[in-house]
Amino acid sequence: MINNNILDNINIICKSGNGGHGCVHFYKTNKKIGKPDGGNGGNGGNIIFIGNKNLYTLYHLKFKKKYKASNGLNGMKNGKNGKNGKDLTINIPLNTVISYKDKKNNLIKDFIKYNNQKIVFLYGGKGGKGNKFYKRSYNQKAKKFQYGNKGKSLLINLKFLLKADIGIIGYPNTGKSTLLSKLTNKKPKIDNYNFTTITPNLGIYKTKFKNYLIIDFPAIIKNFFFKKQNKMGNKYIHHLKYNKIILIVLTMHKKIYRNYLILKHILNYYKIKIKKIILIISKTYLFKKKRNLILLKKKLKVYNIQYFIFNNIKDNINKLKNNINKFLFKN
């Protein structure tokens, strides 16, 4: 099941486990002190990140800021070594960058790309040696031992790029969520007012041969775009980088072509190169004169813009699906 609470950037504190201390002990025979038999301490647990193809958000990490692996146990008498601490495994989405700053303030990065890919990001502290380890023929009563090494603690930044196949963008109240509901089995919140969608909606676009991830972005606010890039849909627009198809949904308007160019300019601003863009025009009743609609069609044809016109999104949805399928199967 897809979690729609999209969170693409988060800081967490991770600490690997401490190593257990070595043990100092001498076994006794007939009430006499015998040879050293103190065991070694166990190693501390590691912090491991693992890629999970079924995750599309970092939301599951939001409510816990500190992640700690288990400590290794101390060594024991009779030469018994302490158990190693349990590793802590953290599941994260694919295409996640893991980064932190070292002591010299250099930014260190690693990258999760494949499903089940594991990165041991923090190693646990090594366990200390017990006095049995230091027993020698010339030193039968060794009292030397080691303390376990402490684990490392780091502030780690996780940032991922959502790899969807189809993206839906547009201005407020244009019918983006309705389109998502018709292309998938998703039932997003739909109302006749601006900003119903405040975080991206995800759905699965099913075909006979393969399923594709589709994302409906919150409304783009063109007047605030370059000044306030963290506003509404502008905050998530960089996730379009991997999309194969973008559906631009606009309502019928005299300046519809201009609005279309603005959205394309925003895509260029983020250096997003899309293989295919389809313009979806909704609410055609806003054009009262048929002549205006005819002129618009001619203009779109001149500029070679592929489009579908819907009085409501239910109209001709199968034609749109066929067009999308042909492109996806070829790419």
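Cys 23 is buried in this predicted model, with a relative accessible area of 14%. Cys 14 is likewise buried, and its relative accessible area is 0%. Under the distance criterion applied to cysteine sulfur atoms, the count of disulfides comes to 0.

The protein chain as a whole comprises 4 helices and 16 strands. Of its 331 residues, buried residues make up 46%. The chain exposes about 19,500 Å² of accessible surface, of which carbon and sulfur atoms supply 50%. When contacts with a sequence separation of 6 or more are considered, residues 24 or more positions apart account for 72% of them.

Two of the helices were examined in detail. Helix 2 covers residues 256-269, and its 14 residues should span 20 Å at 1.5 Å a residue, a value with which the 20 Å between its end C-alpha atoms agrees. The buried residues of this helix are Ile 256, Tyr 257, Asn 259, Tyr 260, Leu 263, Ile 266 and Leu 267. In an α-helix there are 3.6 residues a turn, so residues three or four places apart point the same way. Helix 2 is followed by Lys 271, for which phi is positive and lies near 55°.

Helix 4, formed by residues 317-330, also has 14 residues, and here too the expected span of 20 Å agrees with the 20 Å that separates the end C-alpha atoms. Within helix 4, the buried residues are Ile 317, Leu 320, Asn 323, Ile 324, Asn 325, Phe 327 and Leu 328; Asn 323 and Asn 325 are thus listed among the buried positions, together with Ile, Leu and Phe side chains.

Side chains of opposite charge can pair when their charged atoms come close. In the model the count of such salt bridges comes to 1, and the pair consists of Asp 165 and Lys 244, whose closest N and O atoms are 3.9 Å apart. Asp 165 lies in the loop between strand 10 and strand 11 (166-170), whereas Lys 244 lies in the loop between strand 13 (211-216) and strand 14 (245-251), so the pair ties together parts that are 79 residues apart in sequence. Both partners fall under the 20% cut-off for buried residues, because the relative accessible area is 16% for Asp 165 and 18% for Lys 244.

Positive phi values were also found in loops between strands. Most residues other than glycine have a negative phi. Asn 95, however, has a positive phi near 65°, and this residue is found in the loop between strand 6 (88-92) and strand 7 (96-101), where Asn 95 is buried with a relative accessible area of 9%. Asn 116, which is not a glycine either, has a positive phi of about 65° and lies in the loop between strand 8 (107-112) and strand 9.

At the surface, a nonpolar patch is formed by Val 24, Phe 145 and Tyr 147, which together present about 290 Å² of accessible area. One member of this patch, Tyr 147, is placed in the loop between strand 9 (118-122) and strand 10 (153-160), and Tyr 147 is exposed, with a relative accessible area of 59%. Val 24, another member of the patch, directly follows in numbering the buried residue Cys 23.

Conventions. Residues are numbered from 1 along each chain as its sequence is written. This is a predicted model: local features need pLDDT of at least 70, side-chain atom pairs count only at pLDDT 80 or more; totals for chains, interfaces and linings use all residues. Side-chain values use heavy atoms; hydrogens and water are left out. Patches are made of residues with over 30% relative accessible area and no salt bridge: like charges are joined within 9 Å, nonpolar side chains (Val, Leu, Ile, Met, Phe, Trp, Tyr) within 5 Å. Accessible areas come from the Shrake-Rupley method with a 1.4 Å probe; for residues, only the protein chains shown count as cover. A salt bridge is a side-chain nitrogen of Lys or Arg within 4 Å of a carboxyl oxygen of Asp or Glu. Helices (H or I, at least four residues) and strands (E, at least two) are DSSP runs, numbered from the N terminus. Buried means under 20% relative accessible area, exposed over 50%, partly exposed in between (1.4 Å probe, protein chains only). The expected span of a helix is 1.5 Å times one less than its number of residues. Contact means heavy atoms within 4.5 Å. A disulfide is a pair of cysteine sulfur atoms within 2.5 Å.
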